[in-house]
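Visitor: Please choose a single part of this model for a close look, and then set beside it some other parts that can be described in the same terms.

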Amino acid sequence: MEHTQEHEACLEQTQKYCVERPIYNQEILQGQLRRRERTPQTLREAFIYSSCSSKKAKSHLYSFLPILKWLPRYPVKEYLLGDIISGISTGVMQLPQGLAYALLAAVPPVFGLYSSFYPVFLYTFFGTSKHISIGTFAVISMMVGGVAVRQVPDEVISVGYNSTNTTYASEYYSDRDFKRVQVAVTLALLSGIIQLCLGLLRFGFVAIYLTEPLVRGFTTAAAVHVFTSQLKYLLGVKTSRYSGPLSVVYSLVAVFSKITTTNVAALIVGLTCIVLLLIGKEINLRYKKKLPVPIPMEIIVVIIGTGVSAGMNLTESYGVDVVGNIPQGLRAPAVPEIQLIPAIFVDAIAIAIVGFSMAVSMAKIFALKHGYTIDGNQELIALGICNSVGSFFQSFSVTCSMSRSLVQESTGGKTQIAGALSSIMVLLVIVAIGYLFEPLPQTVLAAIVMVNLKGMFKQFGDIAHFWKTSKIELAIWVVAFVASLFLGLDYGLLTAVTFAMITVIYRTQSPQYRILGQIPDTDIYCDVEEYEEVKECPGIKIFQANASLYFANSESYTSALKKKVSENSCVWGGRGPTLQKYWLSFSFICLLSQSNDVEGSVKHEIANDELPVNGKSLDELEHFVEPKTNIHSLILDFTPVNFVDSVGAKTLKSIIKEYKEVSVHVCIASCSGPVMNELTRLNFFDNTVTRELLFHSIHDAVLACQVKDRSASQTASDL
């Protein structure tokens, strides 16, 4: 293998890159190329094609219902066993997490089971990822719980929600819990509708604004929120639940102010469960290659905790809070409380975007690993259907769970069948054996939640990583973490996204500027300050900025250009003493002052060559300032430029005009087709600025400038 690679490297070194062709500017190139003729479609033709094509209709149907595409070709012998094992393993994990995350959502545990069944089953039909596990997730559950507590605080006993199911509420759980359920399911309906609309409008790209540092900082702060909210269950103390800004601080103060009332029995049970779960996770991690399936420690802990609680009667004897009544069977569908929508609309947007971001990021990881593709817009549609339809069956907002997805993938899951089987396991618990978990202590669920936060808390290591790699990404992480921690998850997310956008603006306003030079005897041009072998072409400056040219950075582009061009060069064409004195004094003043304002005033004041500058005449300045390299051409490398707006076009035109006045020829190299089309639309080209100034490559521009300079020199010598 190594010998083959060495042989290929030797062949590459011996090959010669020889191309002989004319110098191309855009005027010549466009004249030699023939554009493809495109007949524009009429509206009637477009409508007929889009609506009547059977192939198009079939494609849309397969896109909306991916199961129709993969299920008929499902290889039963190869995939079924792996999907069954994966589905059972994920379902065993789904059950305790559904119960536990319901506490985070501030609703009775049975609603966590509903949320672990309906959305998961629906995703089988509409989702494009074969490996992610949809269902309850700590961050989303925490956000739902914050909204529910804000709308129905602990102190509120009766709120005017017009519900037709108050009999059911009074029979199974308190009026306050029932009202929080209504908030949670309405939030699921609204967030699902938002996701569905974004998906249908092809807005899957919104996830790109949630960069990895932002998501990791946000989820780390959410982990702190979740951990803090579970302390009262672990300690067995009675405190109010807080939401909104500084809720973490209020929760900690409330818990520690009642630390003396800790229920010792609850604490012992909770700590024992934490130790068992940590040991189980460590065994699974260390021996994952030897174990056929991970040890389901969560369900084991739930079973042990339920058995101990029932056997020792922890509720009666020690006052340990338990899960309580779990109604048997499924509930009839009901319409959520529509009148709540105005009060929770902003929260629904945040939950919709965060939920989609979590799901699509995990889906992309598994798709890349296993060599298939996912459709971001269809994932939005799938999540939207899962949340909106599930809300009619009393489920709250869901998304992808990272821990369950890893289990589903690592235990041999091949398709969405594994997720469907896990949801069926939850269904069996709901309709048959749910009542067995009624004695389960809440401290056990708190232990499950806390241990599952271990991976999120490891994200504090991102600080050291981003410190080494990127200070801007570190700033995004820190802002996302601090804002989400102290302002709440909703306002924190908004603050973090705003800050991330500001960093993008900052980067485009502060690009890197370079002067390029030629690697001798090649057509390759690199930064002259970076490599010793790279030399500037005599009389030619090649300027590059690694950003587009638009209103936000046009001024800095002009300033950097003047600064870079004036370094080690004297900008005049050698055609007249007035221009020579003008630029000689200008270069001297620029060395004395770096201020843009001074540069502007100098340009204005030295229009008269008899005017003294800093107390010295131009003749005296000419004596003291050593003349530098004379340049006759300036090439602007547009390779990194993606777009130009009207301000950028005017700036570009101004640069060409200013340098032309001092006999410096300006041309543009490597301008892409879209940028050239934008310049055309912006009326950039006219009699003075033609497409002859645009060249296909830097080397074309350099050769053209050299030819132009030799021609000008020959003309001058003939005169």
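Guide: The account below begins with one strand and then turns to other parts of the chain. The model is predicted, so that local features need pLDDT of at least 70 and side-chain atom pairs count only at pLDDT 80 or more, while totals for chains, interfaces and linings use all residues. Residues are numbered from 1 along each chain as its sequence is written, and side-chain values use heavy atoms, with hydrogens and water left out.

The part chosen is strand 5, residues 540-545. Helices (H or I, at least four residues) and strands (E, at least two) are DSSP runs numbered from the N terminus. Six of the six residues of strand 5 are buried, so the strand is largely enclosed by the rest of the structure. Here buried means under 20% relative accessible area, exposed over 50%, and partly exposed in between, with a 1.4 Å probe and protein chains only. In a regular strand, side chains alternate between the two faces of the sheet. Both faces of strand 5 are covered, with Ile540, Ile542 and Gln544 buried on one side and Lys541, Phe543 and Ala545 buried on the other.

Strand 5 has pairing partners, where pairing requires that DSSP find at least two bridges between two strands. With strand 3 (residues 513-518) it runs antiparallel, joined by four bridges; Tyr513 has Ala545 of strand 5 as its bridge partner. With strand 8 (residues 633-637) the pairing is parallel, over five bridges, and Ile540 has Ser633 of strand 8 as its bridge partner.

Lys541 of this strand is buried, because its relative accessibility is 4%. Its side chain meets that of Glu536 in a salt bridge, at 3.2 Å from N to O; a salt bridge is a side-chain nitrogen of Lys or Arg within 4 Å of a carboxyl oxygen of Asp or Glu. Glu536, at 33% relative accessibility, counts as partly exposed.

The count by this rule comes to 13 salt bridges. Another of them joins Asp347 and Arg150, with the closest N and O atoms 2.7 Å apart. This pair links distant parts of the chain, since Asp347 belongs to helix 17 and Arg150 to helix 9 (residues 138-151), 197 residues apart. Asp347 is buried, at 5% relative accessible area, whereas Arg150 is partly exposed, at 35%.

The largest nonpolar core has 114 residues, and those with the most contacts inside it are Ile132, Val139, Met143 and Leu214. A nonpolar core is a set of buried Ala, Val, Leu, Ile, Met, Phe, Trp, Tyr and Cys residues joined through side-chain atoms within 4.5 Å. Helix 17 (residues 341-370) gives the most to this core, with 14 residues. Apart from this core lies another, of 33 residues, including Ile656 and Leu679.

Finally, two residues other than glycine show positive phi. Most residues other than glycine have a negative phi. Arg202, in the loop between helix 11 (175-200) and helix 12, has phi near 60°, and its relative accessible area of 46% makes it partly exposed. Ser670 has a positive phi of about 55° and is found in the loop between strand 9 (665-669) and helix 31 (673-681). At 21% relative accessibility, Ser670 counts as partly exposed.
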